[in-house]
Amino acid sequence: MALDSAGCSGDAKGRQVCPSVDEQIARSFTASGGGYWDMKSKDHGDVLVHRATVAKEICRAHNISRLPMADLVQVLQRPSSYKGMDGRYISWLINDDRARFLYCVVPKTGSTNLRRILAELKQRPQNVTRAFNWTRMAAKESWFYRFDFLSSRSADQISEILNRPNYTKILTVRHPIERIISLYRMLFEGDHFENKTVNFLQSVTDGMVQMIRGRLKMPNLTSENVTFTHLVRYIIDHDQCIKQARCRTNWYEAQWSPVWRMCRVCSVDYDMVIRLETYDMDLPYLLHRANFSSTLHYPDYYKRTSKDLTDRYLRQLTKEQIDGLYEVYKMDYKLFGYSHTRPDVFKDK
């Protein structure tokens, strides 16, 4: 029985039977070699919720204790004042009263585009559902938009927001290796996408170079000769420094911090987990939930790193360095179903 381009076929009575939109996207994604999506529900929202549920179960299985509310509030408001591992990582949680979202910003997981969406929700009139225009807000504007960050709120306000009923707490994730590759390409290979002329981005690059140069004791390093291996060595070394209580993360180092640490995944009750790998499927559901237009096409140039490109960067690393990265991101791998040996594979089951 022949299938058309959408995977449709004819049944016994000659009627055309077609897969759902989600099924078509999932088949296309799998065929492209970009991992797999184990579809167990017709409602894609169930998949997003299931990911968050699995993360909670894994936290319990690994005996990772939830922070008491007072401690969690302190960590989210002033992490440097908190003694212990949780005080060594900064976090950015955005509160959106209109969409009733609480969103943890994780760099290199599609966070710029999700901030664009939240900014659009704030700006547009109530009940307007025009299709989303990705070019309406520049990336730089989304970085400095007037978001309501929890860290700017009082302790009582943070506690109240965290406990609000009918609020959706959102987390975005991506394979750890691909996050690092994306960061390296953006900062050191001129792959800035739409941000090529942003002076702010150059200042980030310069700050990164200064830190890598100092930690690796390589005074001649510049933005022109920092290799992917240099960045990986820095990440591994800095992670050890944090675990030995000699370091904290600053704004720059948050660009690659483990998601579970930044977002306090085992202490904040996230309702949904969105993958960069499945943004085409995840974002329309999120927009629908916010009474926003579900008409959305995620542009190809915003999508994930290709498997061939990932392999090219991995070949630059030694086994020891790959194993070192696994130790840095071990809980991210476990909580979010990513494969240590196969960056092109993830599990949603």
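**Exercise 1. Helix 2**

How many residues does helix 2 have, and what distance does helix 2 reach from its first C-alpha to its last?

Solution. The structure is a predicted model. Step 1: helix 2 covers residues 44–61, which gives 18 residues. Step 2: from first C-alpha to last, helix 2 reaches 26 Å, close to the 26 Å expected at 1.5 Å a residue. Step 3: turn to the side chains. The buried residues of helix 2 include His44, Leu48, Arg51, Ala55 and Cys59. Step 4: look at what comes after the helix. Asn63 follows helix 2 and has a positive phi, near 55 degrees.

**Exercise 2. Helix 9**

Treat helix 9 in the manner of Exercise 1, and decide whether helix 9 is mostly covered.

Solution. Step 1: helix 9 (residues 228–243) has 16 residues and spans 23 Å between its first and last C-alpha, close to the expected 22 Å. Step 2: twelve of the 16 residues are buried, so helix 9 is mostly covered. Step 3: name some of them. Among the buried residues are Phe228, Leu231, Ile235, His238 and Ile242. Step 4: Ala245 follows helix 9, and its phi is positive, near 65 degrees.

**Exercise 3. The open sheet**

Work out the order of the five strands in the open sheet, and find which strands stand at the edges.

Solution. Step 1: the order is 5-3-4-6-7, and the pairing is mixed. Step 2: strand 5 (148–149) and strand 7 (272–275) each have a single partner strand, so one side of each has no neighbour in the sheet; these two stand at the edges. Step 3: check the mixed pairing on strand 4. With strand 3, strand 4 pairs in the antiparallel sense over four bridges. With strand 6, strand 4 pairs in the parallel sense, also over four bridges.

**Exercise 4. Strand 4 residue by residue**

Find the bridge partners of Leu93 and Asp96 in strand 4, then say which way the residues of strand 4 point.

Solution. Step 1: Leu93 has Cys104 as its bridge partner. Step 2: Asp96 has Phe101 as its bridge partner. Step 3: on the strand 6 side, Tyr103 stands opposite Ile170. Step 4: Phe101 and Tyr103 point one way from strand 4, while Leu102 and Cys104 point the other way; all are buried. Step 5: the hairpin of strand 3 and strand 4 has four residues between the strands, and Arg100 in this hairpin takes a positive phi near 60 degrees. Step 6: add the helix that covers these strands in part of the picture: helix 4 (residues 111–123) lies across strand 3, strand 4 and strand 6, running at about 155 degrees to strand 4.

**Exercise 5. Arg164**

With which side chains does the side chain of Arg164 make polar contacts?

Solution. Step 1: locate the residue. Arg164 lies in the loop between helix 6 (155–162) and strand 6. Step 2: a polar contact of 2.6 Å joins its side chain to that of Asp97. Step 3: another polar contact, of 2.9 Å, links the side chains of Arg164 and Tyr167. Step 4: leaving aside neighbours within four places in sequence, Arg164 is in contact with Asn95 and Asp97.

**Exercise 6. Two residues with positive phi**

Are Lys108 and Arg264 buried or exposed?

Solution. Step 1: recall the background. Most residues other than glycine have a negative phi. Step 2: Lys108 has a positive phi, near 65 degrees, and lies in the loop between strand 4 and helix 4. Step 3: Arg264 has a positive phi near 50 degrees and lies in the loop between helix 10 (259–262) and strand 7. Step 4: the cut-off for buried is under 20% relative accessible area. Lys108 is at 15%, so Lys108 counts as buried. Arg264 is at 2%, so Arg264 is buried as well.

**Exercise 7. The nonpolar core**

How many residues does the largest nonpolar core have, and which have the most contacts inside it?

Solution. Step 1: the core has 93 residues, and those with the most contacts inside it are Leu171, Cys263, Val265, Leu325, Leu335 and Phe336. Step 2: helix 7 (residues 176–188) gives the largest share of this core, eight residues. Step 3: take Val265 as an example. Not counting residues up to four places away in sequence, Val265 touches several residues, including Ala55, Cys59, Leu171 and Phe336.

Technical notes. Residues are numbered from 1 along each chain as its sequence is written. This is a predicted model: local features need pLDDT of at least 70, side-chain atom pairs count only at pLDDT 80 or more; totals for chains, interfaces and linings use all residues. Side-chain values use heavy atoms; hydrogens and water are left out. Two strands pair if DSSP finds at least two bridges between them. Contact means heavy atoms within 4.5 Å. Axes are lines fitted to C-alpha atoms, for helices over the stretch in contact, and angles run from 0 to 180 degrees between N-to-C directions. A polar contact is a pair of N or O atoms within 3.5 Å; within protein, one must be able to donate a hydrogen and the other to accept it, and residues adjacent in sequence count only if both atoms are side-chain atoms. Buried means under 20% relative accessible area, exposed over 50%, partly exposed in between (1.4 Å probe, protein chains only). A nonpolar core is a set of buried Ala, Val, Leu, Ile, Met, Phe, Trp, Tyr and Cys residues joined through side-chain atoms within 4.5 Å. The expected span of a helix is 1.5 Å times one less than its number of residues.
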